[in-house]
Amino acid sequence: MRLAEERDEVIDIARRMTSDRLVVGTSGNVSVRAGDLVAVTPSGVEYDQLRTADIPLVDLSGEVVEGELAPTSELPMHLTAYTEHGAGAVVHTHSLQATALSLLRDEVPAVHYQLADYGGAVRVADYATFGTPALAKSMSKALRDRNGCILRNHGTVTIGGTLTKAYNRARQLEWLCELWLTAAKLGDPALLSDAELEHCATLFAGYGQTPR
Ligand SMILES: [Zn+2]
């Protein structure tokens with residue numbers, strides 16, 4: 001079996017998405033790239049029932065090269081993140097706070113320096129129907145020079161060099177959105193300046209391990 005390790009990692013992160021309450025049931029999807037192949041969650045199977053062989057392998061044009069099950073209907077978004085944004089892994093959630101923020105704002109307000117990990121202000125992509133090339137296009141525009149974006153009335157997309165990195169960005173993005181929503185209920189939140197966020201981004205770039 002090809003890419004057994006990557007396929008198991010996809011299963012592990014899909015299950016964590018559910019236990020960390022970033023999705024409900026089988027919604028959301030995750031993938032990781034290895035060479036010219038992508039291991040991606042299949043459509044409509046409970047994550048706790050997935051076995052290694054259930055994870056489809058597709059090429060970068062979306063053709064299934066191994067596996068019986070059909071890949072997620074959001075495959076166009078995943079492939080776009082690989083071919084246009086240099087992702088090594090992609091996580092798509094329907095997390096509550098981020099999706100709530102997308103109904104109110106065009107980007108995540110600069111509430112915290114952690115936003116620098118995304119390369120700047122995290123944008124909200126224009127709405128398009130799930131699973132369509134139009135949604136992949138809208139996501140791509142919002143993801144330009146960023147490691148994450150929010151899909152209006154839908155959920156989040158985060159990318160990284162590894163699946164763990166992309167997943168941590170999904171969790172962190174949810175926390176950032178919750179922070180703003182929590183403060184905004186009580187008043188007008190104070191925000192960081194663009195200059196300070198850019199300064200933090202340069203610190204992130206040189207901090208610890210490689211940023212992507
Ligand atoms: Zn979705």
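Okay, one definition before anything else: a residue is buried if 20 or more other C-beta atoms lie within 10 Å of its own, and exposed if 12 or fewer do. Keep that in mind, and remember that what you see above is a predicted model.

With that definition, 42% of the 212 residues in the protein come out as buried. How about the overall dimensions? The C-alpha trace spans about 50 × 35 × 30 Å along its principal axes. A compact globule with 212 residues would have a radius of gyration near 17 Å, and the protein has 17 Å, so the two agree. And if you take the contacts with a separation of 6 or more, 63% of them come from residues 24 or more positions apart.

Now the parts list. The protein has 6 helices and 8 strands. Going along the sequence, you read α-β-β-β-β-α-β-α-β-α-β-β-α-α.

Let's do the sheet. In what order do the 8 strands sit? The order is β4-β3-β2-β1-β5-β8-β7-β6, in an open sheet with mixed pairing. At the edges you find β4, residues 64-66, and β6, residues 124-125, and each of those pairs on one side only. As a general reminder, strands of a sheet pair through backbone hydrogen bonds, either parallel or antiparallel.

Have a look at β1 and β2. β1 covers residues 29-34, β2 covers 37-40, and the two pair antiparallel over 4 bridges. Together they make a hairpin with 2 residues between the strands, and Gly35 in the turn has a positive phi of about 65°. If you want a spot to zoom in on, Ala34 has Leu37 in β2 as its bridge partner. Then β2 pairs with β3, residues 57-59, again in the antiparallel sense, over 3 bridges. There, Ala39 stands opposite Leu57 of β3.

Over to β7 and β8. β7 is residues 148-151, β8 is 155-160, and 4 bridges join them as they run antiparallel. Cys149 stands opposite Val157 in β8. In the loop between these two strands you'll find Asn153. Asn153 has a positive phi, about 55°, although it isn't a glycine. Is Asn153 buried or exposed? It counts as exposed, because it has 12 C-beta neighbours inside 10 Å.

Next, the helices, starting with α5, residues 163-184. Its 22 residues should span 32 Å at 1.5 Å a residue, and the end C-alpha atoms are 32 Å apart, so that agrees. α5 lies across β1, β5, β7 and β8, and runs at about 145° to β8. Quite a list of its residues is buried, including Leu163, Tyr167, Leu173, Cys177 and Trp180. What do the buried residues of α5 pack against? They pack against α1, β1, β5, α3, β7 and β8.

That brings in α1, residues 4-19. It has 16 residues and reaches 23 Å from first C-alpha to last, close to the 22 Å expected. Among its buried residues are Val10, Ile11, Ile13, Ala14 and Met17. The buried residues of α1 pack against β1, β2, β5 and α5.

Both ends of α1 have something to show you. In the segment before α1 sits Leu3. Leu3 has a positive phi of about 50°, and it is not a glycine. Leu3 is buried, because 20 other C-beta atoms lie within 10 Å. After α1 comes Arg21, also with a positive phi, near 60°. For context, most residues other than glycine have a negative phi.

So what about the nonpolar core? The largest one has 55 residues, and Val10, Val90 and Met139 touch the most other members. α5 gives the most to this core, with 8 residues. Follow Met139 for a second: leaving out residues up to four places away in sequence, it touches Met77, Thr80, Ala125, Cys149, Leu151 and Val157. We've already met Cys149 and Val157, standing opposite each other in β7 and β8.

Last stop, Leu186, in the loop between α5 and α6. Leu186 counts as exposed, because it has 7 C-beta neighbours inside 10 Å. How far is Leu186 from Met1? They are 54 Å apart in space, C-alpha to C-alpha, and 185 residues apart in sequence.

That's the tour, thanks!

Definitions and conventions:
Residues numbered from 1 in each chain as written. Predicted model: local features only at pLDDT ≥ 70, side-chain atom pairs only at ≥ 80, totals over all residues. Pairing = 2+ DSSP bridges. Core = buried A, V, L, I, M, F, W, Y, C linked by C-beta atoms within 7 Å. Contact = placed C-beta atoms within 7 Å. Axes fitted to C-alpha atoms, helices over the stretch in contact; angles between N-to-C directions. Rg over C-alpha atoms; globule rule 2.2 N^0.38 Å. Expected span 1.5 Å × (residues − 1).
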